[in-house]
Amino acid sequence: MIRQRLLAAAIVSVLSTGMFDSGMVAVYAADDADAPASTSAPTAEKAADDAAEKDFVKVSEDALLTMRDLRSARLAIFNGLPDQARTYVDASVARVAMAAQDAERYALDTKAPPMEDSYIPFDASLTVMDTLEPSAEQAEHIQKANKHLRKGEKKEAMEVLKLGEIDVAVTAGLIPVKFAKDHIDDAAKLIGEGKYYEANLALKAVEDAVVIETFAIDAVPEPKGKS
């Protein structure tokens with residue numbers, strides 16, 4: 001799947017190349033998940049882009065940083081860097097605890113198998129459901145939608161995309177936060193005991209539990225904790 005920067009300009013860029021994966025092009029709000037969030041210094045433009053796209057789904061920053069630190073810890077274990085692995089796991093322990101405390105502000109219903117847990121979004125993306133290169137008229141609509149999204153004008157952007165017959169959905173990655181906390185805490189304990197293989201399996205279990213949900217652009221559910 002092609003990973004590009006967000007919003008309409010990126011959508012035009014991806015679609016015009018003719019590179020697709022099963023007819024779906026995802027335009028991700030977050031940077032490459034392999035890059036540790038704690039070392040990222042986003043530009044003002046990137047921050048504005050992230051905010052515009054994530055506004056479609058209320059994303060937990062603590063959950064996002066949990067997953068980034070978790071993935072960085074697994075990479076460090078793979079590369080034989082125990083000190084780095086311990087640093088990233090400790091950061092993930094702190095972040096997932098904060099995410100769990102605030103879970104109901106973000107929790108969404110999911111089609112995943114029932115689990116007594118809260119599934120919270122750690123990432124969100126706009127997905128263009130199209131297999132054709134955009135016409136000049138559609139490209140113009142995409143550019144107009146882009147301008148609206150940068151201003152936080154979601155309703156106006158979606159109206160423009162509908163006029164251009166451009167089918168867009170919202171895709172969110174969710175983690176069961178209690179499950180994640182238990183396994184990350186276990187991983188931290190295992191690393192403290194020098195059991196890096198077992199720690200990696202505990203962290204992998206969290207990644208394996210991630211659920212991907214796709215919502216129609218006008219049917220994104222509200223968080224369960226919304227008053």
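# Notebook: helix α8 and its surroundings

I began with helix α8, residues 196–208: its 13 residues reach 18 Å from first C-alpha to last, close to the 18 Å expected at 1.5 Å a residue. A reminder to myself: this is a predicted model.

**Which way α8 faces.** Next I looked up which residues of α8 are buried. They are Ala 199, Asn 200, Ala 202, Leu 203 and Val 206. Looking down the axis of α8, I found these buried residues within an arc of 160 degrees, so they line one face of the helix. I noted the general rule here: an α-helix has 3.6 residues a turn, so residues three or four places apart point the same way. On the face of α8 turned away from the buried side I found the exposed residues Tyr 197 and Asp 208.

**What covers it.** I then asked what lies over the buried residues of α8. The cover includes α3 (61–78), α4 (82–101) and α7 (177–192).

**The cores.** Leu 203 came up again when I turned to the largest nonpolar core, which has 28 residues: Ile 120, Ile 175 and Leu 203 touch the most other members. The elements giving two or more residues to this core are α3, α4, β2 (119–129), α7 and α8. Apart from this core lies another, of 23 residues, and among them I listed Val 59, Ala 124, Leu 149 and Ile 166. The general tendency is a familiar one: in soluble globular proteins, nonpolar side chains tend to be buried together.

**Ile 175 and its strand.** Which residues does Ile 175 touch, leaving aside those up to four places away in sequence? I wrote down Ala 63, Met 67, Ser 118, Tyr 119, Ile 120, Phe 122, Ala 180 and Val 210. Ile 175 is one of the buried residues of β3, so I checked the whole strand, residues 168–176: nine of its nine residues are buried, and it is therefore largely enclosed by the rest of the structure. Both faces of β3 are covered. One side has Val 168, Val 170, Ala 172, Leu 174 and Pro 176, and the other has Ala 169, Thr 171, Gly 173 and Ile 175. For a partner I found strand β4 (residues 211–216), which pairs with β3 in the antiparallel sense over six bridges. Within β4, Glu 213 stands opposite Ala 172.

**Two single residues.** Ser 60 sits in the loop between α2 (44–54) and α3. Is Ser 60 buried or exposed? Its relative accessible area is 2%, under the 20% limit, so Ser 60 counts as buried. Not counting residues up to four places away in sequence, Ser 60 touches Ala 99, Tyr 106, Ile 120, Pro 121 and Phe 122.

Ala 94 belongs to helix α4. With a relative accessibility of 43%, Ala 94 counts as partly exposed. I also looked up its separation from Lys 181: the two are 87 residues apart along the chain, with 9.4 Å between their C-alpha atoms.

**The whole chain.** Last, I stepped back to the protein, which has eight helices and four strands. From the N terminus on, the elements run α-β-α-α-α-β-α-α-β-α-α-β. Of the 227 residues, 46% count as buried. Among contacts between residues at least 6 apart in sequence, 78% join residues at least 24 apart. I closed the page with the accessible surface: about 11,500 Å², of which 52% belongs to carbon and sulfur atoms.

Technical notes. Residues numbered from 1 in each chain as written. Predicted model: local features only at pLDDT ≥ 70, side-chain atom pairs only at ≥ 80, totals over all residues. Heavy atoms only, no water. Expected span 1.5 Å × (residues − 1). Buried < 20%, exposed > 50% of the residue type's maximum accessible area, 1.4 Å probe, protein only. Arc of directions from axis to C-beta. Contact = heavy atoms within 4.5 Å. Core = buried A, V, L, I, M, F, W, Y, C linked by side-chain atoms within 4.5 Å. Areas by Shrake-Rupley, 256 points an atom, 1.4 Å probe, with all protein chains shown as cover. Pairing = 2+ DSSP bridges.
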